[in-house]
Amino acid sequence: MLLMLRPSISTSPAERLLLVERHLVSRHFADSPVPRTVGVDAEERLSVMVNEEDHLRIQTIMPGFRLPDAFERARDFDRTLESTVDFAFSSRWGYLTACPTNVGCGVRSEEHTSELQSRQYLVCRLLLEKK
């Protein structure tokens with residue numbers, strides 16, 4: 001179940017900043033004067049932004065390197081939504097979006113690590129290369 005919020009209308013600047021810091025909305029989303037809505041699940045692992053860069057942005061965040069789990073969670077929500085909402089789709093171009101660079105499958109994945117994790121990886125890699 002998603003908790004619906006309206007960051008650009010009913011939340012304070014401090015609440016919008018908190019959503020950005022928790023990576024539940026983008027800075028662009030939080031700072032925009034355009035009416036927007038975000039849905040966030042109780043675990044803060046899934047957020048759905050309405051009127052972000054595209055019309056709809058489904059975002060999942062998982063701890064560790066769990067990209068397949070994050071994809072599955074987003075896909076499950078997308079399938080549920082698609083059973084009730086018609087998305088703009090072209091057999092030639094794929095999903096049609098407000099941002100031309102996102103046309104196609106509509107999927108983008110990112111993995112973020114802390115600076116400490118990155119340094120640990122680099123140190124381990126350098127030690128292995130010396131052997």
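E43 is exposed in this predicted model, with a relative accessible area of 54%. Its side chain meets that of R73 in a salt bridge, with 2.8 Å from N to O. R73 belongs to helix α3 (residues 67-82), whereas E43 lies in the loop between β2 and β3, so the contact ties together parts that are 30 residues apart in sequence. R73 itself is partly exposed, at a relative accessible area of 26%. With an exposed residue defined as one over 50% relative accessible area and a partly exposed one as lying between that value and 20%, the two partners therefore fall into separate classes.

**Salt bridges**

The whole structure contains six salt bridges. One of them joins E44 to R22, with the closest N and O atoms 2.8 Å apart. This pair also links distant parts of the chain: E44 is in the loop between β2 and β3 (46-50), R22 is in the loop between α1 and α2, and 22 residues separate them. Both partners are partly exposed, E44 with a relative accessible area of 28% and R22 with one of 42%.

Another salt bridge is formed by R57 and E52, whose closest N and O atoms are 2.9 Å apart. Here R57 is partly exposed, at 24% relative accessible area, while E52 is buried, at 10%. The label given to E52 follows from the cut-off, because buried means under 20% relative accessible area. Shared partners also matter to the arrangement of these contacts: D41, E43 and R73 are joined by salt bridges into one network.

The three pairs described above are set out below.

| Salt bridge | Closest N to O distance |
|---|---|
| R73 and E43 | 2.8 Å |
| E44 and R22 | 2.8 Å |
| R57 and E52 | 2.9 Å |

**Aromatic contacts**

Two aromatic pairs are found in the model. In the pair of F87 and Y95, the ring centres are 6.3 Å apart and the planes stand at 80°, so the geometry is edge-to-face. The pair of F89 and Y95 is likewise edge-to-face, with 4.9 Å from centre to centre and 70° between the planes. F87, F89 and Y95 thereby make up one aromatic cluster.

The members of this cluster can also be described by their accessibility. F87 is partly exposed, with a relative accessible area of 27%, and Y95 is partly exposed at 26%. F89, in contrast, is exposed, with a relative accessible area of 52%.

**Nonpolar core and surface patch**

The largest nonpolar core has nine residues: L19, V20, L24, V25, F29, A30, V38, V40 and M49. At least two residues of this core come from each of α1 (13-21), α2 (27-31) and β2 (37-41).

Nonpolar side chains are also found on the surface, where W93, L96 and V103 form a patch. Together these three residues have about 280 Å² of accessible area. W93 is placed in the loop between β5 (89-90) and β6 (94-95).

**Summary**

The loop between β2 and β3 holds E43, paired with R73 of α3, and E44, paired with R22 of the loop between α1 and α2. Elsewhere, Y95 takes part in edge-to-face pairs with F87 and with F89. The helices α1 and α2 and the strand β2 each contribute at least two residues to the largest nonpolar core, while W93, L96 and V103 form a nonpolar patch on the surface.

Note on methods:
Residues are numbered from 1 along each chain as its sequence is written. Side-chain values use heavy atoms; hydrogens and water are left out. Patches are made of residues with over 30% relative accessible area and no salt bridge: like charges are joined within 9 Å, nonpolar side chains (Val, Leu, Ile, Met, Phe, Trp, Tyr) within 5 Å. Accessible areas come from the Shrake-Rupley method with a 1.4 Å probe; for residues, only the protein chains shown count as cover. A salt bridge is a side-chain nitrogen of Lys or Arg within 4 Å of a carboxyl oxygen of Asp or Glu. Helices (H or I, at least four residues) and strands (E, at least two) are DSSP runs, numbered from the N terminus. A nonpolar core is a set of buried Ala, Val, Leu, Ile, Met, Phe, Trp, Tyr and Cys residues joined through side-chain atoms within 4.5 Å. Buried means under 20% relative accessible area, exposed over 50%, partly exposed in between (1.4 Å probe, protein chains only). Rings of Phe, Tyr and Trp (its six-membered ring) pair if their centres lie within 6.5 Å; planes under 30 degrees apart count as stacked, over 60 as edge-to-face and the rest as tilted.
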